[in-house]
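Good morning, colleagues. Please look at the sequence and the structure on the screen while I speak.

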Amino acid sequence: MSDDLIRFDRVSKFYGDVLGVNKVDLRIPPGITSLVGPNGSGKTTLMNLMAGLIHPGSGTVSVRGISPFAPEQLMRILGYATQYDAAPRGLTGFDFVLSGLLLHGFPRPDAVRRATHAIETVALTSAARRKIAAYSKGMRQRIRLAQAIAHDPAVLVLDEPLNGLDPVVRAETIALFRDYAARGRHVILSSHVLQEVDVFSDQVILIANGMVVAEGAIRSVREEIHEHPSQYLLRCAEPARAAALLFTHAGILEARIDPGGAGLLVITRQREAFALAVQRLAVDGLAIDGLEPLDENVDALYEYLIGGGK
Amino acid sequence: MNQIWIIARLEIRRAFFSRRALWVYLLALFPAALFLGRAASVHYDRREYAAKPATPAAILDRLPAGTTDKDALAAAGPPIRDRQWRRGEVEHRSLHYFDGYNRVWLQFENGALKTTRRLPLHSFEQDTRIYAGVFQYFYLRLAIFFGCLGIFLNLFRGEMIDKSLHYWFLAPVRRETLVLGKYCAGLIAAAVIFGGGALLSFAALLSYQTSADLETYLQTDALAHGLWYLLAAVLGCAGYGSVFLAAGLVLRNPIIPALVMLLWESINGFLPELLQKLSVLHYLQSLCPVPAPLDPSAPPLARMILSPAAPASAWTALPGLLAVTALVLYLATRAARRLEINYGGE
Amino acid sequence: MAVFKRGYERYTGPRTGALARFLVVPRFAWPKLLGERFVVVLLIVSLFWPLLCAGFVYLSNHASLLPGLAEAGDAVQKLLRIDGAFFATFMNVQSTFAIILAAIAGPGLIAPDLANNALPLYFARPLSLASYIGARLLVLFGLLATVTLLPGLFVFGMQASLGGSAWLAAHWTLGQGMLLGFLLYILLVSLVALTLSAYVKWRVVAGALVLGFFFVLGGAAQIINQVFRVEWGSLLSPSYILYTIWCALLGVETPADAPDAGECLAALVVLLAALLAILLRKLRPVEVVS
Ligand SMILES: Nc1ncnc2c1ncn2[C@@H]1O[C@H](COP(=O)(O)OP(=O)(O)OP(=O)(O)O)[C@@H](O)[C@H]1O
Ligand SMILES: [Mg+2]
């Protein structure tokens, strides 16, 4: 079956009682794809599932038509730089990359050539003969990148590859990603910050709490998030009057009087405008007891991803 | 096949030269050091006693129990050493003689001869039996057991603790191949270290025998015995290794199965025939060329732990052991297929 | 008010006493240990032998009930007597459980603290190194006492109540010997467990090492004796050292040419001192600023 997608079909993974990812459906085409989400949202879990380091509790994963249960085929086309900041004991950077290539079955001279080339690519040649244990954080990050690209994989999976890199290396690394993508390969990387990756990504996948919140080309995701309607509960003594006043002010989609009598339920797309309107209500003399966002998650994510970088 | 070898080559270096392997060498070489020490002391004794007066064995043997120390002194002449001490109500005295071949201690309690202890200055026959004991009780039960525990647990569980196991999983090799490759590496390391240790002790043992004893032994059994010991050591590593490898793959805390196995191997001699066949030790002991003596003065618990299983013939022991090993390895590969990277613990 | 404007103010409220703070460690460690399945299983299994011994005590005090036993020979009578040898055997078997329990439960106490750099957290609180070690020892003491000391005293108490005050008056040294013997034993085993786990820092390895310590040293002692035809090799075996000390405490004869109780006691002291020295070295609380 010729298939150049990475597919997740209703994949769930629980660590005991803890949710890793939940019912993820994804089709990832070649190109640069960024997984973006806050800490603990499930980025690493998705990547580990792709590489077969962990297995889904339910659902199936396939990478260009290959199941992660067949590492002998999958790893020929997949290179993965994990976020685990550990290397085998006592190896030098060069030996580390070389041993990976030997495991791929390259004959020794060929492996040495490739290892040298990969280390050159990440600009570590001068440190190649030193023990990894003595590397700085950024150097360790780069040597792991070198090991992931050394066998020239068609699918490159990188967990937080830009962390701890200086601007020069960062630019070079991004150029490398672009080069890979231009050759019709997959480059999948993860990040906490949308701004960091949105310039060069063809596609972003936003994850929160183990679920895919939004996916697609960067522009559409931005809009999707931006226009994702938010729900608020406005606690006040006269909800009916507040509703009437609010509709004159701001782009409210819906306002309902809470049947429980707590106040007014408001759904809006324009947070800033809505916030200003509420302020004006107070100025107008309406007694407001409080304002609570009801769907914390998307709101928090919004703040986190987009609001934070303003 | 080729891949297994590549994996083993990469792994062997770690098994042999890491600092953690140091204590494994210590375990393996300890008896060799003892036998070398023994060689030195026999050498020294021979020179020492060559200069000592020899009392004819006939005189010493003729002293019946109950003889007074004065009579004994009168009959046998001045001793090499005379030691007296008190313990509770009893006055002890020990007279030390040499009859040209044996060292003899006459032990008196309250002035009456109680026992005559006789130790040959050195006896080839006794030494080979002691070697058999050292091999079975120390090497097979303790050194190889705990050594393999360390080496083979390190292969998977150790890398899990080090957070470096995923590098192996990211290589294009089947998990089965990975397990076998690592197993081979562990086996080669363990076999070289412990087989070498056992052979070295064996050589040290032979180094201080008198030339006549040595010549007959070398012409008859020496080669065969050495080979059997080597084989038993290597198979011991193979058997225990497979079990610990599997335990390290399946369980978070492999100490518990190790403990269970230690107890299992200990009480195995008391179990019904069928269950005995499931013990690694059972087969190994059947391979040893010289049966080991049981120390009668050992405390009861130790005796229970040391009681040997009824031997199987070498030709059932070999395939039996290999079959157990293969079965356990098969289960280990099955477990490896489902193994996940989880660096959460510890 | 912003946090930085408040300035630093030392806590001046009431504090619990030193003893209560000391007990915090075991108070959290015990329930955790008892939550481990294998520890519980082992605790239960280790009760069988004391129950067997208690049954034996009952039997020996009611020998007349069994037809035929009363007129049985001297040998049987001697076998049935509850004396030092009986308690020595009891302690010898029961102590094996203590080793196993220490191998399983002990490493979990210190090794994770070191592996995860948690020591500074302890020493950032009003807890000194000595009380940290003491508290850890107390955890093991409680655990090991339940498999050694408590059943031992139970068997002794049962014999005392069945045998009457005459037996007690004649044999109270047995109880005292057992108490002392077990205390020494618990001290040794828990110190071994703590030291080895502080030494290697990995739980799993430390467990294996605790087992290995007792079994391999025992084996090494044996082969030294065998190879050199001597008896002093036994001084290397921790189990043997303690067994000899117990025998002396209980008034049981040991082989004349084997190392005697005095030598064994000296070896024990050396061993304990070495263990403690290693432990203190490994637990150096670097982060404490003096
Ligand atoms: N080995 C594990 N055992 C238990 N829970 C785990 C394990 N690994 C991850 N989790 C949980 O799964 C969830 C997702 O974790 P994951 O590592 O995928 O997050 P992430 O998005 O990579 O976070 P980060 O940005 O911090 O790397 C988290 O709640 C985490 O606590
Ligand atoms: Mg992550």
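Let me begin with a question: which residue is the bridge partner of A:I252 in β12(A)? The answer is A:T268. I should say at once that this is a predicted model, and I shall return to its confidence at the end.

The pair just named belongs to two strands of chain A, β11 (residues 252-257) and β12 (residues 264-268), which run antiparallel and are joined over five bridges. Together, β11(A) and β12(A) make a hairpin, with six residues separating them. In the turn, A:G261 has a positive phi of about 85°.

We remain in chain A for the sheet. Strands of a sheet pair through backbone hydrogen bonds, either parallel or antiparallel. Here, three strands form an open sheet in the order β2-β1-β4, and the pairing is antiparallel. At its edges lie β2 (18-28) and β4 (58-63) of chain A, each of which pairs on one side only. From one strand to the next, the twist averages 25°. Seven bridges link β1 (residues 6-15) of chain A with β2(A), in the antiparallel sense. Within β2(A), A:V21 is the bridge partner of A:K13.

I turn now to chain B and its helix α10, residues 255-267. At 1.5 Å a residue, these 13 residues should span 18 Å, and the end C-alpha atoms are indeed 18 Å apart, so the two values agree. Which residues of α10(B) are buried? They are B:I255, B:I256, B:A258, B:M261 and B:E265. These buried residues pack against α5 (124-162), α9 (222-250) and α12 (280-287) of chain B, and also against α3 (37-45), α6 (84-105) and α11 (203-228) of chain C.

That brings us to the contact between the two chains, to which chain B gives 31 residues and chain C gives 30. On the side of chain C that touches chain B, α6 and α11 of chain C each supply at least two residues. The most comes from α11(C), with 16 residues. By character, this side of chain C divides into 20 nonpolar, eight polar and two charged residues.

Finally, confidence. Chain B has a mean pLDDT of 82, with 89% of its residues at 70 or more. Within chain B, helix α7 (residues 175-207) has the highest confidence, at 92, and helix α13 (residues 300-306) the lowest, at a mean of 49. Over residues 296-301 of chain B, pLDDT stays under 50, and the model has nine contacts beyond four places in sequence for them. Where pLDDT is low, the predicted coordinates should not be read in detail.

Terms used:
Residues numbered from 1 in each chain as written. Chains lettered and ligands numbered in written order. Predicted model: local features only at pLDDT ≥ 70, side-chain atom pairs only at ≥ 80, totals over all residues. Helix = DSSP H or I, 4+ residues; strand = E, 2+ residues; numbered from the N terminus. Expected span 1.5 Å × (residues − 1). Buried ≥ 20, exposed ≤ 12 C-beta atoms within 10 Å, placed from the backbone. Contact = placed C-beta atoms within 7 Å. Nonpolar A, V, L, I, M, F, W, Y, C, P; charged D, E, K, R; others polar. Pairing = 2+ DSSP bridges. Axes fitted to C-alpha atoms, helices over the stretch in contact; angles between N-to-C directions. pLDDT = per-residue confidence, 0-100.
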